[in-house]
Amino acid sequence: MLRAGRRVTIHSDRTADELLADRGRPTACLFGDQVEYEAELGLDFHPEAYRMRRIHLDLFTATGGVAFSVDAPLRKPALAVDQRLKFAEGLAELARRGAEVVVGEVTVADLDRLAASHDLVVVAAGCRSLTGLFERDPTRCAHSRAQRRLFMVNVHGYDMEARPEHRGGVFSFLPGTVEVFWVPFHDKDVGESRSVVLEAAPGGPADRFRGVTSADEGVDVLKGLVDDLLPHESAFLRPARATSPVTWIEGEVVPVVRRPVAVLPSGRHVLGLGDAVVLNDPLTGQGANNATRMARFFAERLTAFDGPYTASWLTDRFDEWWERGRFASDFTNGLLAPLRDFQQDVLLAASRREGIGEQLFEGFNDPSSLFPWFFEEGAAREFLARCDVGRLDVLRYKLDVGLRVVGQKLGGWRSGGQGVKRPAARTAGP
């Protein structure tokens, strides 16, 4: 909006220095198009930050082995920069470019006052004082409770030689139990690092972090979980330590879509943006990407329109955005559900055909690109056929996986076998 010549005031509950000194924040990995848009806005403040150019996905079995892997490039690099840096630097940059920056908590009464003196007020934060401001839209919500228990910690000191795949992003999936994302990360305190985001099925064997009280304790619990369930990653993680005492988060997210316009007590209205109105589970990393897409869309529509920005006009624009924006929610909700047989077939094919893996991973950048071929059986079969993957090919892939899994089990049972072995059970002292 500043670039378009509009007068802008931003209200923040913290100063730039306070944001920088904050505790750990969500990982917020931006994928290709969103990385490019931030650079276009002149917000690429960390050219030294590591760019993620490949993703390696491992599908684990219940016995701790890897059934198969998908390894493919991203069409455009992804980038994860510590949000403490991004928010602090962004706030300072706004002031430098001429925005008025006001520090202090904003209440509903404050919003009413601001709405009376501005053409538009946008709420892009979930402040406690504004809880319940935007009404839940049941027609666009797929869930009413959290689908995963979450844990995030930033680590460094890991053994890259043990797992060179970690030079890109790594996803570890144990269906029905846990998903772990190992994201190349630019940490405020140490620079290059890895942000580990773990999503556990509630009440399952990976749901171990509810009592964690520190980053170090969380790393210890994470190492035990990896030894038990994902031993393929144990050597990589074993020497790792937290980047700081505060770079960790534990909790859960209830996915929700809210109505985009809230009416204030006076009858005036405000627009919601990002997580304030569309909050997805972090499973597919769509939070920051969705917010950036939404900000770009509304900036273009708002600057092209002379106003007034009525509630109905803003709602219509959100409905217009939702035609494409809904795919981020559909993508996330689709992967929160158990993989269907045809989706497993696509993943299997991707483990043999890098081009299929590349198309699959493009979904993180553009979720609409996955529809309908990854979420509808008929479309999936047609997609595989176009990629010259027939039913007999899929059967052969499954047979190969079955033989590998059996071999891993036999290797683990034999004394001195070469298969993946489960670690010895831990015992607790008095």
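**Exercise 1. Find how much space the largest cavity holds, and work out what lines it.**

Step 1. Start with the volume: the largest cavity of this predicted model holds about 50 Å³ of space. A search of the whole structure turns up three cavities of 30 Å³ or more.

Step 2. Now go round the wall. One stretch of lining is Arg 140, Cys 141, Ala 142 and His 143. Pro 255, Val 256 and Val 257 also line the cavity, as do Leu 279, Asn 280, Ser 329 and Asn 333.

Step 3. Match the wall to secondary structure. Strand 13 (256-257) and helix 8 each give at least two lining residues.

Step 4. Sort by class: six of the lining residues are nonpolar, four polar and one charged.

**Exercise 2. Describe the second largest pocket: its space, its lining and the elements that supply it.**

Step 1. The second largest pocket contains about 500 Å³ of space.

Step 2. Its lining is made of 29 residues, and the ones nearest its centre are Phe 173, Glu 179, Leu 335, Ala 337 and Leu 339.

Step 3. Check which elements supply at least two residues each. On the strand side you have strand 3 (52-60), strand 8 (169-174), strand 9 (178-187) and strand 10 (191-200). On the helix side you have helix 8 (311-336), helix 9 (341-352) and helix 10 (354-365).

Step 4. Break the lining down by class, and you get 22 nonpolar, four polar and three charged residues.

**Exercise 3. Decide whether Thr 27 is buried or exposed, then trace what it touches.**

Step 1. Place the residue: Thr 27 sits in the loop between helix 1 (16-20) and strand 2 (29-30).

Step 2. Apply the cut-off. Buried means under 20% relative accessible area, and Thr 27 has 7% relative accessibility, so it counts as buried.

Step 3. Look for a polar partner. The side chains of Thr 27 and Ser 195 are joined by a polar contact of 2.7 Å.

Step 4. Fill in the rest. Setting aside residues up to four places away in sequence, Thr 27 also touches Ala 80, Val 81, Met 152, Val 183, Phe 185 and Val 197.

**Exercise 4. Look at Val 183 and His 186 in strand 9: are they buried or exposed, and what surrounds them?**

Step 1. Val 183 belongs to strand 9, and so does His 186.

Step 2. Val 183 is buried, because its relative accessible area is 7%. His 186 is buried too, with 9%.

Step 3. List contacts beyond four places in sequence. Val 183 meets Thr 27, Cys 29, Ala 80, Ser 193, Arg 194 and Ser 195. The contacts of His 186 include His 46, Glu 48, Ala 80, Asp 82 and Gly 191.

Step 4. For a sense of scale, Val 183 and Ala 304 are 121 residues apart along the chain, and 37 Å separates their C-alpha atoms.

**Exercise 5. Which residues have the most contacts inside the largest nonpolar core, and which strand gives the most to it?**

Step 1. The largest nonpolar core has 47 residues, and those with the most contacts inside it are Phe 68, Ile 356, Phe 361, Phe 374, Leu 384 and Val 389.

Step 2. Strand 4 (residues 66-80) gives the most to this core, contributing seven residues.

Step 3. Zoom in on Val 389. Beyond four places in sequence, its contacts are Ala 349, Arg 353, Ile 356, Leu 384, Val 394 and Tyr 397.

Step 4. Another core, of 31 residues, lies apart from the largest one, and Val 256, Ala 276, Tyr 309 and Trp 321 are among its members.

Note on methods
Residues are numbered from 1 along each chain as its sequence is written. This is a predicted model: local features need pLDDT of at least 70, side-chain atom pairs count only at pLDDT 80 or more; totals for chains, interfaces and linings use all residues. Side-chain values use heavy atoms; hydrogens and water are left out. A nonpolar core is a set of buried Ala, Val, Leu, Ile, Met, Phe, Trp, Tyr and Cys residues joined through side-chain atoms within 4.5 Å. Buried means under 20% relative accessible area, exposed over 50%, partly exposed in between (1.4 Å probe, protein chains only). Helices (H or I, at least four residues) and strands (E, at least two) are DSSP runs, numbered from the N terminus. Contact means heavy atoms within 4.5 Å. On a 1 Å grid over the protein atoms alone, a cavity is a set of points where a 1.4 Å probe fits but cannot get out, and a pocket is an open set with protein on both sides within 12 Å along at least five of seven lines; lining residues have an atom within 4 Å of a point. Grid points are joined across faces, edges and corners, and a volume is the space filled by probe spheres set on the points. Ala, Val, Leu, Ile, Met, Phe, Trp, Tyr, Cys and Pro count as nonpolar, Asp, Glu, Lys and Arg as charged, and the others, Gly among them, as polar. A polar contact is a pair of N or O atoms within 3.5 Å; within protein, one must be able to donate a hydrogen and the other to accept it, and residues adjacent in sequence count only if both atoms are side-chain atoms.
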